[in-house]
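Please walk through the model below, beginning with its aromatic side chains and ending with its sheet.

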Amino acid sequence: MRARSALFDVYGDHLRSRGDRAPVSALIRLLEPVGIAEPAVRTAISRMAAQGWLESTRVDAAPGYRATPRAIERLSEAAARIYRRGPEPWDRRWRLVFLDTPRHRGERERLRHELTYLGYAEHAPGVWVCPYDRPEVDEVVGRAGGRARHAVAVELDPEPVDAWDLTALARAYDAWPAEATRLVHEEPPHGDDDEAAFAARFRLVHEWRKFLFADPGLPAALLPPDWPGTPAADLFTREAERLKPASDRFVARCLGAGLV
């Protein structure tokens, strides 16, 4: 588990209802049960601040960091997808993006990563497709130095579901029950029951979040009736809710009464 992605989990899963901010000391304490050491946390904080995800602030007179508006928007959108109860409504139209890619290879790779996260797939060279409207796509493309032109297809025959590797995604969902069981029963390095619940839930959410980069959330009409993503999501929701009360108590202790 990398410190940067773990910090995103802290802000996205625990601090959104607590002012989107925390003292540095609390961030260090929160990541200790999942095996991330203080130097790695401090380095990740500095990098996220340089990238515009965090900004320094004072929290109860102590040095701390809060999420920027850009980070809050991304984290809120991610949380809605992590805890969603089913596919989004679909109007049976496809959104096409004709992409003029950035010049630099690194920017191109980052842009592909961002578009995949938004639910797009490359249907043909330079043509990306998504079943849903994603207004933020222009900002994502522009920030990378590219340019996007848009079209809406009322009908595509055949439906472009092959743009996504649904076979590999189904295998990952089939493996999730065993993985989830391992994650919630793995012993933390130390701590009481609340800390153990926090560590278990943290690992569970962290691994489930990876599906956001693989699963576009295709409409139910485009998925097989026995799609394994549905029972996998139900299992995740049950376990996350079961562990949440004790996990919240540990977070509250780390943050102190001033932020709860």
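Which residues form one aromatic cluster? In this predicted model, the cluster is made up of Tyr173, Trp176, Trp208, Phe211, Trp227 and Phe236. Across the whole structure, a search finds 13 aromatic pairs. One of them joins Phe198 and Phe202, whose ring centres are 5.5 Å apart and whose planes meet at 45°, so this pair is classed as tilted. Both of these phenylalanines belong to helix α8, which spans residues 193-209, and they are spaced four residues apart, about one turn of the helix; both are also buried. The rings of Trp208 and Phe211 make another tilted pair, because their planes stand at 55° with the centres 4.9 Å apart. Trp208 counts as buried because its relative accessibility is 6%, and Phe211 is likewise buried, with a relative accessible area of 11%.

Phe202 also leads to a charged residue, since it appears among the contacts of Asp9. Asp9 is part of helix α1, residues 3-13, and with a relative accessible area of 2% it is buried. When neighbours within four places in sequence are left aside, Asp9 is in contact with His14, Phe202, His206 and Arg209. A charge meets an aromatic ring elsewhere in the model, where the charged end of Arg70 sits over the ring of Trp53, 3.8 Å from the centre of that ring.

How are the strands of the open sheet ordered? Three strands build it in the order β1-β3-β2, with antiparallel pairing. The edges are formed by β1 (21-23) and β2 (54-59), each of which pairs on one side only. On average, and with direction ignored, neighbouring strands of this sheet are turned by 35° against each other. Strands of a sheet pair through backbone hydrogen bonds, either parallel or antiparallel. Here β2 and β3 (residues 62-67) run antiparallel and are joined by six bridges, and within this pairing Leu54 stands opposite Ala67 of β3. Helix α1, the helix that holds Asp9, packs on the sheet and touches β1, β2 and β3, its direction making about 80° with that of β3.

The cysteines remain to be considered. A search of the whole structure finds zero disulfides. Cys130 counts as buried because its relative accessibility is 0%, and Cys254, at 16%, also counts as buried, the cut-off for that class being under 20% relative accessible area.

Terms used. Residues are numbered from 1 along each chain as its sequence is written. This is a predicted model: local features need pLDDT of at least 70, side-chain atom pairs count only at pLDDT 80 or more; totals for chains, interfaces and linings use all residues. Side-chain values use heavy atoms; hydrogens and water are left out. A disulfide is a pair of cysteine sulfur atoms within 2.5 Å. Buried means under 20% relative accessible area, exposed over 50%, partly exposed in between (1.4 Å probe, protein chains only). Rings of Phe, Tyr and Trp (its six-membered ring) pair if their centres lie within 6.5 Å; planes under 30 degrees apart count as stacked, over 60 as edge-to-face and the rest as tilted. Helices (H or I, at least four residues) and strands (E, at least two) are DSSP runs, numbered from the N terminus. A charge sits over a ring if NZ of Lys or CZ of Arg is within 6 Å of the ring centre and within 35 degrees of the ring normal. Contact means heavy atoms within 4.5 Å. Two strands pair if DSSP finds at least two bridges between them. Axes are lines fitted to C-alpha atoms, for helices over the stretch in contact, and angles run from 0 to 180 degrees between N-to-C directions.
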